[in-house]
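Visitor: I have a model open and would like to go through it with you. Could you put it on the screen and take my questions one by one?

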Amino acid sequence: QWKSQYGNLILSSDHTIGGTYNAPIITVTGNTTEQNRQVEITGSLKATEVSMNDNNAINVGTGNDLTIYHNGSNSYISNSTGILNIGTETAGAPIQIGHTTSEVNVGDNLTVSGDTTINGTLIVNGNFTTTTTTTHVVQDRLIKIGDGNTGTSTDLGIVFTRGNGSSTNKANTSLLYDESENTFAFAKLVSISTDADLYSVFSSL
């Protein structure tokens, strides 16, 4: 039965009491403004396809907390309340992001709680890289230090921290290559961060 009341069009069922159509299924609400016109479904909605125009969103949640839309150029999934969880309900469920030729960008911090396997080249662009591990195993036979140097004026080396790394700590030891002398040197020194620190170490040897 179709019934219109105060601008609403209601499709109801007499499923509860025969002949009494008091179980609404579809409620169509009209309005002079397009944004305020709506169709409300009581129950489950099943369809073979749902099509949305550009910039028209699918909102999920009482306060429209989750929004999915396409603006004609890019697609967006926006979550305004709580955590956006992906694949957290089923233990061991595999999750794949991107095509084999896709690029995935993370705009902020990335924390990995489990193991990470990289089948490719790892490129780190940053001023400082910290590795916190008990044992670091490297299979490469050669380790290259100072990649990008365009001359032979920069000293290179490895510093082994044996104390607290402060400016008064003299317990650190190092294996350094002094470009001015064209030789390797073992030294005890404080933690170093610049070439000037290296030169001061060599001048005191």
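Visitor: Which residue is the bridge partner of Tyr177 in β10?

Guide: Happy to start there, with the note that this is a predicted model. Strands β9 and β10 run antiparallel and are joined by six bridges. In that pairing, the residue of β10 that is the bridge partner of Tyr177 is Phe184.

Visitor: What kind of aromatic pair do Tyr177 and Phe184 form?

Guide: Let me first place it among the aromatic pairs, since a search of the whole structure finds two. One is Tyr69 with Tyr76, which is stacked, at 5.0 Å centre to centre and 15° between the planes. For Tyr177 and Phe184 the centres are 4.8 Å apart and the planes make 70°. An angle over 60 degrees counts as edge-to-face, so the pair of Tyr177 and Phe184 is edge-to-face.

Visitor: Is Phe184 buried or exposed?

Guide: It helps to look at both rings of the pair. Tyr177 has 23% relative accessibility and counts as partly exposed. Phe184 has a relative accessible area of 56%, and the limit for exposed is over 50%, so Phe184 is exposed.

Visitor: And how do Tyr69 and Tyr76 count in terms of relative accessibility?

Guide: Tyr69 comes to 28%, and Tyr76 comes to 34%. Both values fall between the 20% and 50% limits, so Tyr69 and Tyr76 each count as partly exposed.

Visitor: Back to the strands: which strands stand at the edges of the open sheet that holds β9?

Guide: This open sheet has three strands in the order β8-β9-β10, with antiparallel pairing. β8 (156-160) and β10 (183-188) each have a single partner strand, so one side of each is left without a neighbour in the sheet. On average, neighbouring strands of this sheet are turned by 15° against each other, direction ignored. The edge strands are therefore β8 and β10.

Visitor: Which side chain has a polar contact with that of Asp178?

Guide: Asp178 is found in strand β9, which covers residues 173-178. Asp178 is buried, with a relative accessible area of 5%. The polar contact joins two side chains at 2.6 Å, and the partner of Asp178 is Ser180.

Visitor: How far is the backbone nitrogen of Glu179 from a polar atom of the side chain of Asp155?

Guide: Asp155 is found in the loop between β7 (75-79) and β8. At 3% relative accessibility, which is under the 20% limit, Asp155 counts as buried. From a polar atom of the Asp155 side chain to the backbone nitrogen of Glu179, the distance is 2.7 Å.

Visitor: What is the phi of Asn182, and where does Asn182 lie?

Guide: Most residues other than glycine have a negative phi. Asn182 has a positive value instead, and Asn182 is exposed, with a relative accessible area of 54%. Asn182 lies in the loop between β9 and β10, and its phi is near 55°.

Visitor: Which loop holds Asn64, which also has a positive phi?

Guide: The phi of Asn64 is about 55°, although this residue is not a glycine. At 42% relative accessibility, Asn64 counts as partly exposed. The loop that holds Asn64 is the one between β5 (58-60) and β6 (66-70).

Visitor: Moving toward the N terminus, which residue of β3 stands opposite Ser12?

Guide: Strand β2 (residues 8-13) and strand β3 (residues 23-29) pair in the antiparallel sense over six bridges. Within that pairing, the residue of β3 opposite Ser12 is Pro24.

Visitor: And which residue in β4 is the bridge partner of Thr29?

Guide: β3 also pairs with strand β4 (residues 38-41), in the antiparallel sense and over four bridges. In β4, the bridge partner of Thr29 is Gln38.

Visitor: Stepping back, how many helices and strands does the protein have?

Guide: Reading the elements from the N terminus on gives β-β-β-β-β-β-β-β-β-β-α. The secondary structure therefore comes to one helix and 10 strands.

Visitor: One last thing: what percentage of the residues count as buried?

Guide: The protein exposes about 17700 Å², of which carbon and sulfur atoms supply 49%. Among contacts between residues at least 6 apart in sequence, 11% join residues at least 24 apart. Of the 205 residues of the protein, the share that counts as buried is 9%.

Note on methods:
Residues are numbered from 1 along each chain as its sequence is written. This is a predicted model: local features need pLDDT of at least 70, side-chain atom pairs count only at pLDDT 80 or more; totals for chains, interfaces and linings use all residues. Side-chain values use heavy atoms; hydrogens and water are left out. Helices (H or I, at least four residues) and strands (E, at least two) are DSSP runs, numbered from the N terminus. Buried means under 20% relative accessible area, exposed over 50%, partly exposed in between (1.4 Å probe, protein chains only). A polar contact is a pair of N or O atoms within 3.5 Å; within protein, one must be able to donate a hydrogen and the other to accept it, and residues adjacent in sequence count only if both atoms are side-chain atoms. Contact means heavy atoms within 4.5 Å. Accessible areas come from the Shrake-Rupley method with a 1.4 Å probe; for residues, only the protein chains shown count as cover. Two strands pair if DSSP finds at least two bridges between them. Axes are lines fitted to C-alpha atoms, for helices over the stretch in contact, and angles run from 0 to 180 degrees between N-to-C directions. Rings of Phe, Tyr and Trp (its six-membered ring) pair if their centres lie within 6.5 Å; planes under 30 degrees apart count as stacked, over 60 as edge-to-face and the rest as tilted.
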